[in-house]
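Welcome! Let's get to know this structure through a few questions and answers.

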Amino acid sequence: MLDNPQKPLVSVRDLKMHFPIYAGLFRRRVGEVKAVDGISFDVMEGETLGLVGESGCGKSTAGRSVLRLYDITSGQIEIDGRQIGDTPQNQLRGMRPTMQMVFQDPQASLNPRMTVEAIIREPLDEHTTLTPTEKRDKVAELMDAVGLNRKFAGRYPHAFSGGQRQRIGIARALALNPKFIVCDEPIAALDVSIQAQVVNLLEDLQEKYGLTYLFISHDLSMVRHIATRVAVMYLGKVVELADRETLFADPQHPYTQALLSAVPEPDPSLARKTERIILQGDVPSPSKPPKGCNFCTRCPAAMDICKTGEPEYREIAPGRFAACHLHNPT
Amino acid sequence: MLTFTIRRLLLSIPTLLFIAFVIFMLLELAPGDPMAQMPLTIPPEVKEKMRLALGLGEPWWVRFPLWLKQFFIVEPQYWIDSAFGTNFADGAQRIISFQSRSPVFDTIAQRMPQTLWVVGMSYVVGVLIALPIGIISAYRQYSVFDQTGTFVSMIGFSVPPFFSGVLLIVIFSVQLKWLPSIYDTTHVVNSWDSFVVQLRQMIMPVMVLALQTTAQVSRYMRASMLDNLTQDYVRTARAKGMSESVVVMKHVLRNSMIPVITVIALGIPAIFGGAIITEQIFKVNGLGQLLIIALQGNDIPMVMTITFLLAVLIVMMNLIADVLYGILDPRIRYD
């Protein structure tokens, strides 16, 4: 990272999350779903790293694994100077205030039997020693920060709209002054006008509290709007990572090129001119990834080497990473 | 909520009247004669007089309203009289059993404590065992504990009490001679020793019945817990950094209890119905046994009254379950 003098707040090295598959009469372990299969990236302090990819490529699993909501298979995760890759869950609890998560489905991720105030206050009860009055003030302050009326504190989540529920989720994540927030498709379940509001809110909060985001999304235009750098995932691996501008202007990996060509173009005259790269076939099952490069079954530029050797994930230009045999040093 | 409850209570009145009518007509139209058990040496005309003395000479449209009047007006008057020493009833005719010729409600009041002690206690014990089993089974799904729990509840579902009861008697009373095989209703608890005797005679019937309750409730609890354990808000709670006990007991359990409480509430009327088979096996002279004897003897007032009381309880418990649902789940509002 020559052109990036900031220090990384989060650094992930070779993270693997494999889910075992049990089958047969005795429920023996017959294989595993390699949801995340060796990814590495850094998230700089104060930046937003966008994580994009199609459904089922392991984006959400990657986000949850980074926060150790799963017991990961292997790899190192360092958040704010602490290695948390193999810390047991009960010791991890004390570190949770630093790292928080905003979830995809704002309806399901809020306990239906707790009022908004109880939802936001619960982390304060667990991790701080504030008095009840201070807690109430803090809850009201957080509700102001995310643009919710304080009067709604006594209501239950079902009484809110999708956008308001996501605001509750964000207020809840902010309660403990975290440094790092994983936003797991926070806008996917919202309609477009509300998406813009929530994304702007996230940006405002980032500025106000100096937050660092890992922003998971399949919406490329939204990622282009919010992210500083973008990582592209395919079948459990990061295939390309670069600055937003460079990645969108000059994608290096064939998968990124195909993905970007699929972004709808609002101008009809331009839309007719753009050439789409249509990928053939389906994504292979993550329980049986193909030999060699994961993308070789669908890659328009596949070579012989792609079917035998796995491409190395390396820095092909300063600040630009890709895993593709096309960029092998000659 | 209050409006809802009152509206439901009012609505239950026609329901219960209809149930009463159906029970009455079923008993009326069913074959069987209260005089059938009488010796054949009694001449037919004497039998006819006895029938008239029982009030059977009147047609059903006279007897049914009479029963309603006795049940809803005369009997409550007698209760008030006995409680406050007043004289509202003024010697009016009560519901009289054909067999014993004593008021039906007096007999029920005598039988009630035994049934409540044995069957009610078994329900409480069953639920208390079932809840932790269900919670742990769900939390450690497919573990040895869960597999054992599944096996035991399978036994509870499939082994009828007339087998498990007799098996327990053979093992603990006949072979080991630890516990009495007959429940002594006349036993008075007035000291520690007599309390121990009471406990010993209660253990077997209570456990036989509790096995059934446990099997059922623990399955419901487990299913409901599993349902909620995979919910997103549980992951949220973990991400908040809540301790595992808070996550399970506060977030998951509270949400899981909603359907389970309904199941438990709807099972309560069955307690008052007594456990007919189990009461027979252990010779507990409770309500279940009373009902069976009344059925055998064509004791129409007794059968009618007990069955109707059960219907009232079922309707009430349904209402209570609905109200509880509304209290426990903020998403449900009845107003």
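Q: Which residues of H12(B) are buried?
A: This is a predicted model, and a residue counts as buried here if 20 or more other C-beta atoms lie within 10 Å of its own. In H12(B), the residues that meet this cut-off are Ile300(B), Pro301(B), Met302(B), Val303(B), Met304(B), Thr305(B), Ile306(B) and Thr307(B).

Q: Which helices of chain B do the buried residues of H12(B) pack against?
A: Helix H12 of chain B covers residues 300-328. Its buried residues pack against helix H1 (2-29), helix H3 (60-84), helix H4 (104-139) and helix H11 (287-296) of chain B.

Q: How far does helix H12 of chain B reach from its first C-alpha to its last?
A: The helix has 29 residues, and at 1.5 Å a residue a span of 42 Å is expected. The model comes close to that, with a reach of 42 Å.

Q: Is Arg8(B) partly exposed or buried?
A: Arg8(B) belongs to helix H1 of chain B. Being buried takes 20 or more other C-beta atoms within 10 Å, and being exposed takes 12 or fewer. Arg8(B) has 17 within that distance, so Arg8(B) is partly exposed.

Q: Which helix supplies the largest share of the side of chain B that touches chain A?
A: On this side, 17 residues of chain B are in contact with 21 residues of chain A. Helix H8 (232-239) and helix H9 (244-272) of chain B each supply at least two residues of that side. The largest share, six residues, comes from H8(B).

Methods
Residues are numbered from 1 along each chain as its sequence is written. Chains are lettered from A and ligands numbered from 1 in the order in which they are written. This is a predicted model: local features need pLDDT of at least 70, side-chain atom pairs count only at pLDDT 80 or more; totals for chains, interfaces and linings use all residues. Helices (H or I, at least four residues) and strands (E, at least two) are DSSP runs, numbered from the N terminus. The expected span of a helix is 1.5 Å times one less than its number of residues. Two residues are in contact if their C-beta atoms, placed from the backbone, lie within 7 Å.
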